[in-house]
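Please open the structure in your viewer and keep the selection tool at hand. The tour below moves from one selection to the next and says what can be found at each stop.

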Amino acid sequence: MTFAISGECCSDASCVAVCPMNSIHPSPGEAGFGTGVSLFIDPRTCIDCGACADICPVDAAKPADRSAAEDVSRNAAYFAGSDPLAAMDLDTWEPPEYQVWGGGPRRVLVVGAGPAGMYATRELLLRTDAEVTLVDRLAEVGGLVRFGVAPDHPQTKQIIDTFERITRHPRARWRPGTTAEELLGRGGFDAVVHAVGARRSRRLGIVGEDSACTAEDFVAWCNGRPGAVLPVELNGPRVVVVGNGNVALDVARLLVSDDERLRSMDVAAGVRRVLGASGIREVVLLGRRGPEDAAYTESALQELQAMSGGRVTLKYHATPVAWTGADRTPSADRAASGASGAGRGLLLDGGELISAGTLVTAIGFEGDPIDGLPFDSARGTVPNVRGAVVGRPGHYVAGWIKRGARGGIGVNKACAQETVQTLVSSSRGAVSPGS
Amino acid sequence: MDETAQRLLGSADRLSRDPETEIDWDAPVGDGYGLSPEWSTLYGTSYWDELSVDQRRELTRHESASVATTGIWFEMILQQLILRDIYDKPPRTAEFQWALTEIADECRHSIMFARATAKLVEPAYRPRLLARELGRMFKTVATGESAYAAILVAEEVLDVMQRDWMRDRRVAPLVRTVNHIHVVEESRHMVFAREETRERLASAGRGRRWVSALVIAIAADMIVSSMVSPQVYANVGLDVDRAVREARRNEHHRSLLRTSCANLMDFLGSVGLLTPAAARVYRRTGLL
Ligand SMILES: Cc1cc2nc3c(=O)[nH]c(=O)nc-3n(C[C@H](O)[C@H](O)[C@H](O)COP(=O)(O)OP(=O)(O)OC[C@H]3O[C@@H](n4cnc5c(N)ncnc54)[C@H](O)[C@@H]3O)c2cc1C
Ligand code: SF4
Ligand code: SF4
């Protein structure tokens, strides 16, 4: 029967550490970890002990008889080309790694209570006996898990419970609704970990883009982030979503959800009303390159196709040049009809016009510069060496502001661990490998 | 519960290990470490720096034997807790049969640990008197979530160490194999203990939860502080007072323990067993 991991997996690798048979891959350090979204269980070696399911914070690991058939076959397929690892041969396991204590920091400030900040806090509490002050400008922990992850993925959001428990640790001081500036002025910290994320949407740079909706605004609105409003009207019957990542797929799924489906999600009545009244029948997902280059994961695509009933079309090799959909001025109308001969919508570089009432751009995110720290504006990150900010001793980064806006929730765990390791070893002896 | 038990029985069917036949008990132990040196109670202290490589290896072998002895001690408590718990349950249920399977596992493990320690070092270890007497009381009176969560604490603390040692090539092959056997079967036991703890707590009021949380924390303290007997230092020829003093203040060891117990603490937090009073005990013990 064995166990299987579903697409809800946020690859935090908690299960890898508890599997007694070394059946779960890719593990951190192995090729492929942190690139896809999910981990997989090798059905040839799994002994059904259930330890992975017990530890999984988002209920992604399940017995095969309670998993979707696609999940079971995806898990098996991942290992199809390799020999089973013999867990009995203990030398096939990764050797253990140790960090050697040598007096850690006393007080650390962690800025941002998204996944990266939470994992960094947890790691600091475990590795050191420092007091950790955690701040977020929002009133709640979770960052993009709370206000980004799609509301029809409630399982994924369960990780927030784990984060909330971290804030209750006796050595953690959780300060909601506070920014770094308010605390840093007063000083008194040995180190600061900036885990502020990267939630600003990248821009297409085309004419008319100002009247399009960014993924940032859309997901914030859907998830009820305080103060978030939808900046454009949602108009059907067709919507174009530019982007080929999982966020684009999230947006498409929400746009074609009928009222019944929306009612099953944790979304505000206002959001449901607007989506219901929009008259959206169809979504076109636009990718600049081919399906082989698409950034979405296999499981996310399967999910979308299964629920959308053919109302989502994927279009590849398409480069938008102008958006005239929402703009009702006569000149824009003329520009649009002049180019293609008819109507409003998204104009592609080949001259084709996709008529649509709303455009959503979901082509990735980038970070904002942090006061007093260097910034790489091409990558949208703070330049760092294994988490230590270049040229600013005592300052560290973790999460999307460190690596760029890539990778799921759990990838921030390994990322934050690396940062804390750097932080702690700058005040003590080196890291020793196991053997 | 029965569904979990059914699954665990199926798992035991797929893979149960027999130390009797799997381990060549006549083979020489070799001269590996008894546990990963980083897990030694003295690793990282100034005393450790003064020890020769031979002394360090000898120390870890004695520590390993002492930890295994604590394991045997606790497995005996555990067998009685479970036996008492299922005493009048219907034998045809999966839960009942799984419980007996677990007792059988523990029984084999205790024999395995006993034999392995005998091969590893000359002297025999025992938990200190206070722990033995408190354990005697605990195994007679503990019920419900206190029993199962305490089982879980003991199993998890041991489990995480053993996962490191079994993967470590510096550790004697006998110890590595023994540890892997334990880790595989223990993973099922921990699933069972978590499930039972959750189930028993479902009906618990605030008062009972508070008491249980404290009892479990004290049990955890007793288990962790009994792992390495001071006798170990004497048998290796060290200055016992100094070794105990340095081990107690060893922040490296405390941070290893904390990291190892992270999942356990998270579980206790998620079921409401990390009350402020319990958290204070765990902090003192060095688990939080
Ligand atoms: C729309 C969307 C959907 C996603 N869905 C999934 C999914 O289903 N599964 C998955 O695994 N991953 C998903 N991800 C990816 C995942 O959300 C990210 O990997 C993760 O959130 C990045 O973590 P972070 O901590 O770096 O940033 P964030 O989550 O953005 O957290 C940063 C935090 O810092 C705070 N902050 C910022 N500036 C300051 C300041 N100056 N002072 C105080 N606080 C500040 C913010 O309020 C925020 O809480 C999704 C991402 C997006 C955008
Ligand atoms: S979410 Fe984490 S624990 Fe769950 S299956 Fe994925 S990697 Fe494993
Ligand atoms: S059920 Fe057990 S053996 Fe199978 S993958 Fe999960 S932890 Fe590993």
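What follows is a walk through the surroundings of two ligands in a predicted model.

Begin by selecting ligand 1 together with its shell, where 31 residues surround the ligand, the closest being A:Asp136, A:Leu144, A:Trp400, A:Gly407 and A:Ile409. If you colour this shell by class, 16 of its residues come out as nonpolar, 12 as polar and 3 as charged.

Next, show the side chain of A:Asp136, one of whose N or O atoms is 2.5 Å from an oxygen atom of ligand 1. Then move to A:Asn412, where an N or O atom of the side chain is 3.1 Å from an oxygen atom of the ligand. At A:Pro115, display the backbone instead, since a polar backbone atom there is 3.4 Å from an oxygen atom of ligand 1. Taken alone, ligand 1 exposes 1000 Å², and the protein buries 92% of that area.

Now widen the view to chain A and select helix H4 (115-127) and helix H10 (246-255), each of which supplies at least two residues of the shell around ligand 1. Colouring by domain adds another layer, as the shell draws at least three residues from domain 2 (107-199 + 365-429) and at least three from domain 3 (203-331 + 338-361) of chain A.

Finally, select ligand 2, whose surrounding residues include A:Cys9, A:Cys10, A:Cys15 and A:Cys56, and among them are also A:Ile5, A:Leu39, A:Pro57 and A:Val58. Which classes make up the shell around ligand 2? Here 9 residues are nonpolar, 2 are polar and 1 is charged, and A:Asp12 is one of the residues to pick out around this ligand.

Notes: Residues are numbered from 1 along each chain as its sequence is written. Chains are lettered from A and ligands numbered from 1 in the order in which they are written. This is a predicted model: local features need pLDDT of at least 70, side-chain atom pairs count only at pLDDT 80 or more; totals for chains, interfaces and linings use all residues. Side-chain values use heavy atoms; hydrogens and water are left out. A residue is near a molecule or strand if one of its heavy atoms lies within 4 Å of it. A polar contact is a pair of N or O atoms within 3.5 Å; within protein, one must be able to donate a hydrogen and the other to accept it, and residues adjacent in sequence count only if both atoms are side-chain atoms. Accessible areas come from the Shrake-Rupley method with a 1.4 Å probe; for residues, only the protein chains shown count as cover. Helices (H or I, at least four residues) and strands (E, at least two) are DSSP runs, numbered from the N terminus. Ala, Val, Leu, Ile, Met, Phe, Trp, Tyr, Cys and Pro count as nonpolar, Asp, Glu, Lys and Arg as charged, and the others, Gly among them, as polar. Domain bounds come from an automatic or database domain assignment.
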